[in-house]
Amino acid sequence: MVRRDSIWKSLDWVTIIIYLMLIVFGWFSICGASYDYGDRDFLDFSTRAGKQFMWIVCSFGLGFILLMLEDTLYDMFSYIIYIGLILLLVVTIFIAPDTKGSRSWLILGPVSLQPAEFAKFATALALAKYMSAYSFTIKSWKSALMLAFLILLPMTLIILQRETGSALVYMAFFLMLYREGMPGVVLFSGICAVVYFVVGIRFDQVFIADTPTPIGEFVVLSMILLFAGGMVWVYKKKWEPVRNIIVGFFIVLLVAYLVSEYITPFNLVWVQWGLCVVVTCYLFFLALSERHWSYFLIGLFAIGSIGFLYSSDYFFNKVLEPHQQIRIKVLLGMEEDLAGAGYNVNQSKIAIGSGGLTGKGFLNGTQTKLKYVPEQDTDFIFCTVGEEEGFIGSTAVLLLFLTLILRLIALAERQQSAFGRVYGYSVLSIFLFHLFINIGMVLGLTPVIGIPLPFFSYGGSSLWGFTILLFIFLRIDAGRNRRLV
């Protein structure tokens, strides 16, 4: 009894209260989104509101069980849980029925479960276990490759299930890795990749004035050369090589532009290719002459950036499905398809905007009641909040999520073990990614990739997955005083 009493006293009840509030608000939102005129029996298990209520009750029981287990069990069985979920992901590829173009749902009688949602906590546990080993150092190549393997393996299996959106969630773990000491250049490279992809795709068919120079390639190659010079300054603090790279780049490009403008038009990208070759060879020469590998790595960064630029076009046109291409084009303003790919987002904006300051009231939303918004009780559930509760209600929900995020940061920082801290930041990263992408998706700020809003979107798999993620961390936090630093 003493041990159980100490668990309840050690639990972070603030987080639990926030969890309960989100669960309740989420259920009322599902009631509003799935409500049909004249049908107010929200506990009828044949309705989505009734089914979600059942999932909520089960999640409470699941959370209680997770809190009753010893916190050391999560550390002890991390790898076993990870391997078990990986095997389940593999099996799902072969036995799951085709559902809206994906094979990610297992049908167990009247219940459908999506293993990808549960693989998140399994991956978080495996990462925490590996990174808490005494021999671990994040700057080791061996460790970096192992971390990449643990993250990319479930991602690959989920992509094979044709669930690209769910797979992208695993990129959130890189936020945790950055907190744990991952070199900033890795995060910078990731940001650069996103910028290269967006600029390269968006302006691929736009040309500078009357020249044959595509703006997309021109801007990205210019950024690569400028970034190379900037990285030399950041890591070596030497003005001479920076001057040679950046000033030389501007002089050569200016001369090339004048020739193209006033003598004979040609593609300035050709000149940039030559500059990239010269700059890369120059960096390799500095690496050999001064025996500093920093120059060599910057040169590799430039080569990798160029390779990514030209492979992104292949990825966009050959790897992505046509509907995914259209969604990205609509988001980037390359196409306007209000009746097709842009329909969901357009109707979502209308629903949120129609809510005004205070909203239309519970069950009084017209856009959602008339089913104008597809997936309005799953991926686009936030538009129901905006329409029924208005700006004030939407702000309250966002503030509640912000409080949860800040609380998770506080809990992760107070962990006395690397295992607890890494797992805590993994949970934080996943929640943050879901919030940013889902809210941005509903507002038309991010691509529509089909990921749920935590505790709001309809579905037992996502609700259970987020509950497991959170309550394992709460149990680890409750037993933190007995763990080693």
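Colleague: Which word fits glutamate 117, buried or exposed?
Modeller: This is a predicted model, where local features need pLDDT of at least 70, side-chain atom pairs count only at pLDDT 80 or more, and totals for chains, interfaces and linings use all residues. Buried means under 20% relative accessible area, exposed over 50%, and partly exposed in between (1.4 Å probe, protein chains only). Glutamate 117 has 3% relative accessibility, so the residue counts as buried.

Colleague: Which residue forms a salt bridge with glutamate 117?
Modeller: Residues are numbered from 1 along each chain as its sequence is written, and side-chain values use heavy atoms, leaving out hydrogens and water. A salt bridge needs a side-chain nitrogen of Lys or Arg within 4 Å of a carboxyl oxygen of Asp or Glu. The partner sits 3 residues away in helix 6, about one turn of the helix (helices are DSSP runs of H or I, at least four residues, and strands runs of E, at least two, numbered from the N terminus). With the closest N and O atoms 2.8 Å apart, the partner is lysine 120.

Colleague: And how many residues apart in sequence are the parts that lysine 238 and glutamate 290 tie together?
Modeller: These two also form a salt bridge, with their closest N and O atoms 2.8 Å apart. Lysine 238 lies in the loop between helix 11 and helix 12, and glutamate 290 in helix 13, so the parts they join are separated in sequence by 52 residues.

Colleague: What is the average pLDDT of the protein?
Modeller: pLDDT is the predictor's confidence in each residue, from 0 to 100. Here 93% of the residues score at least 70, and the average is 86.
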